[in-house]
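Trainee: I would like to learn how to read a structure feature by feature, with the general idea before the particular case. Could we begin with the model itself?

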Amino acid sequence: MRRYAFLILPSHNRVYAEAAPSLARAELAVLSAALPDGAISEESVAETVIGGVPYVTFEAGELSQRDTDLLANLSSLYALFEVAGPLDAEGPAGELLRPVPLRRLDRFDDDLLTILKYQGKTNEQFTKLLLNVTLASSAFAGALESRRLSVLDPLCGRGTTLNQAVMYGFDAYGADIDARDVEAYAVFIQRWLKDKRLKHRADFSPVRRDRKVVARRLTAEFAASKDEYKAGDVQRLEVVEADTARVGEFFRPASADLVVADLPYGVQHGSHGTGRPGGERPRDGGKTLARSPLDLLHAAAPAWARALRPGGALGISWNTHVARREDAAVALAAAGLQVLDDGPYRAFRHRVDQAITRDVLVARKPAG
Ligand SMILES: C[S@@+](CC[C@H](N)C(=O)[O-])C[C@H]1O[C@@H](n2cnc3c(N)ncnc32)[C@H](O)[C@@H]1O
């Protein structure tokens, strides 16, 4: 067994306050089950103070490069060390922290994730956590090196999940009913691709059926390098302005490896700053959306499940003040998904503010 210690990103502590270490541990526990080679002993995961600074520590068999490549993407991870010598919280210890080189999946500048700031944005670190946990729960975490994965956010807003998926080199599909959100995202991403001088093709235009406009759709193809673009090794991005229950009209069955969505929080915030989730902007002259998050889940989960590839996973987050975990789980199970509800999967609940306590539910589509 070897011992490892990691530092939590300072911004993670700012976002989650006292929940930061427990969320970091829960994410680590879910990711560790997906490590291709090593195994982390779940009982060994602890918070440990070394030299007066808090770390998350754990024991594992020797981690391979493939293992650390996966762990490098933990949403809370700032720096990872192997601990040589006795690890004694009281000191003097004599332990040494040997940095483990990190190769994150990130393919683009991180302003892709941070430039857009708006009321109702899902915090980008939480979005990364939700995507990571969903990926690790699917059958496809081991496929990262061999093929391009795809993510559907059927409530994509202005694209926080889509941008994180793009950052990882995945294809990204989205739907949102709010025309302003889809338009703002289309404007943003086309501007960003231009500013970064990335080779791309992009289009935002109406979708017509029987000469009627049924939606508007953004499509884009781009690559991180000119050579990849020339070789046709491109990432695809597709976003439709449509009700989420209609995703089946725009995305083929079994076309997404992962479905990741942050449900409407069922609350309005008058004074939303950046980074806080959930504030639904007043729509339709100030009315909030008619459907409760749970009704929305019941109506849309079957379409989301159909869009998932067998072996794929779905991860949702929502406000537990407006929907109980058990009820959300029933909606996912009714759509034919296997809800993962044990151990670390029950440890993601955290307070966001006085109106929102957020939780995470992950479910898998049977491999068939
Ligand atoms: C919590 S927000 C998601 C925010 C998004 N993750 C982001 O960071 O921009 C929920 C989103 O669900 C969308 N929504 C609500 N009801 C919908 C429906 N029936 N069909 C499609 N989108 C819907 C809202 O417009 C909103 O953008």
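Mentor: Let us begin with a definition: a residue is called buried when its relative accessible area is under 20%, exposed when that area is over 50%, and partly exposed in between. Please also keep in mind that this is a predicted model.

Trainee: How does Arg216 count by relative accessibility, buried or partly exposed?

Mentor: Arg216 has 24% relative accessibility, and because partly exposed is the class between 20% and 50%, Arg216 counts as partly exposed. The side chain of Arg216 also meets that of Glu241 in a salt bridge, with 2.9 Å from N to O. This pair links distant parts of the chain, since Glu241 belongs to strand E10 (residues 235-241) and Arg216 to strand E9 (residues 212-222), 25 residues apart.

Trainee: What is the general idea behind such pairs, and how many salt bridges does a search of the whole structure find?

Mentor: Side chains of opposite charge can pair when their charged atoms come close. In this structure the search finds 29 salt bridges. One of the pairs joins Glu47 to Arg25, whose closest N and O atoms are 4.0 Å apart. Here again distant parts of the chain are linked, with Glu47 in strand E2 and Arg25 in helix H2 (residues 20-32), 22 residues apart. Glu47 is partly exposed at a relative accessible area of 48%, and Arg25 is partly exposed at 34%.

Trainee: Which residue forms a salt bridge with Asp327?

Mentor: The partner of Asp327 is Arg324, and the closest N and O atoms of the two are 3.2 Å apart. Asp327 counts as partly exposed at 25% relative accessibility, and Arg324 counts as partly exposed at 48%. Salt bridges can also share partners, and in this way Arg2, Glu62, Glu82 and Arg98 are joined into one network.

Trainee: Let us turn to the strands. In which sense do strand E1 and strand E3 pair, parallel or antiparallel?

Mentor: A general point helps first: in a regular strand the side chains alternate between the two faces of the sheet. In this model, strand E1 (residues 2-8) pairs with strand E3 (residues 53-60) in the antiparallel sense, over five bridges. Strand E2 (residues 40-50) also runs antiparallel to E3, and seven bridges join these two.

Trainee: Which residue of E3 is the bridge partner of Ala5?

Mentor: That partner is Thr57, and Thr57 is likewise the bridge partner of Ala46. The hairpin of E2 and E3 has two residues between the strands, and in this hairpin Gly51 takes a positive phi near 60 degrees.

Trainee: How should I read the surroundings of the ligand, and which of the 25 residues around the ligand come nearest?

Mentor: One can ask which residues come nearest, what kinds of residue make up the shell, and which atoms approach the ligand. The nearest of the 25 residues are Tyr118, Thr122, Thr160, Asp176 and Thr244. The shell divides into 10 nonpolar, six polar and nine charged residues. Among the atom pairs, a polar side-chain atom of Tyr118 lies 2.5 Å from an oxygen atom of the ligand, while an N or O atom in the side chain of Asp181 is 3.2 Å from a ligand oxygen atom. For Asp243, an N or O atom of the side chain is 3.4 Å from a nitrogen atom of the ligand. On its own the ligand has 600 Å² of accessible area, of which the protein covers 96%.

Trainee: Where is the place of Thr122, and does Thr122 count as buried or exposed?

Mentor: Thr122 sits in the loop between helix H4 (111-114) and helix H5 (124-137). Its relative accessibility is 12%, so Thr122 counts as buried, the cut-off for that class being under 20%. The side chain of Thr122 makes a polar contact of 2.6 Å with the side chain of Asp262.

Trainee: What can separations along the chain and in space add to this picture?

Mentor: They can be read side by side. Thr122 and Glu145 are 23 residues apart along the chain, and their C-alpha atoms are separated by 28 Å. Val260, found in strand E11 (residues 256-262), is 53 residues from Ala313 along the chain, with 8.5 Å between the C-alpha atoms. Val260 is buried, with a relative accessible area of 1%.

Note on methods:
Residues are numbered from 1 along each chain as its sequence is written. This is a predicted model: local features need pLDDT of at least 70, side-chain atom pairs count only at pLDDT 80 or more; totals for chains, interfaces and linings use all residues. Side-chain values use heavy atoms; hydrogens and water are left out. Two strands pair if DSSP finds at least two bridges between them. Helices (H or I, at least four residues) and strands (E, at least two) are DSSP runs, numbered from the N terminus. A residue is near a molecule or strand if one of its heavy atoms lies within 4 Å of it. A polar contact is a pair of N or O atoms within 3.5 Å; within protein, one must be able to donate a hydrogen and the other to accept it, and residues adjacent in sequence count only if both atoms are side-chain atoms. Accessible areas come from the Shrake-Rupley method with a 1.4 Å probe; for residues, only the protein chains shown count as cover. Ala, Val, Leu, Ile, Met, Phe, Trp, Tyr, Cys and Pro count as nonpolar, Asp, Glu, Lys and Arg as charged, and the others, Gly among them, as polar. Buried means under 20% relative accessible area, exposed over 50%, partly exposed in between (1.4 Å probe, protein chains only).
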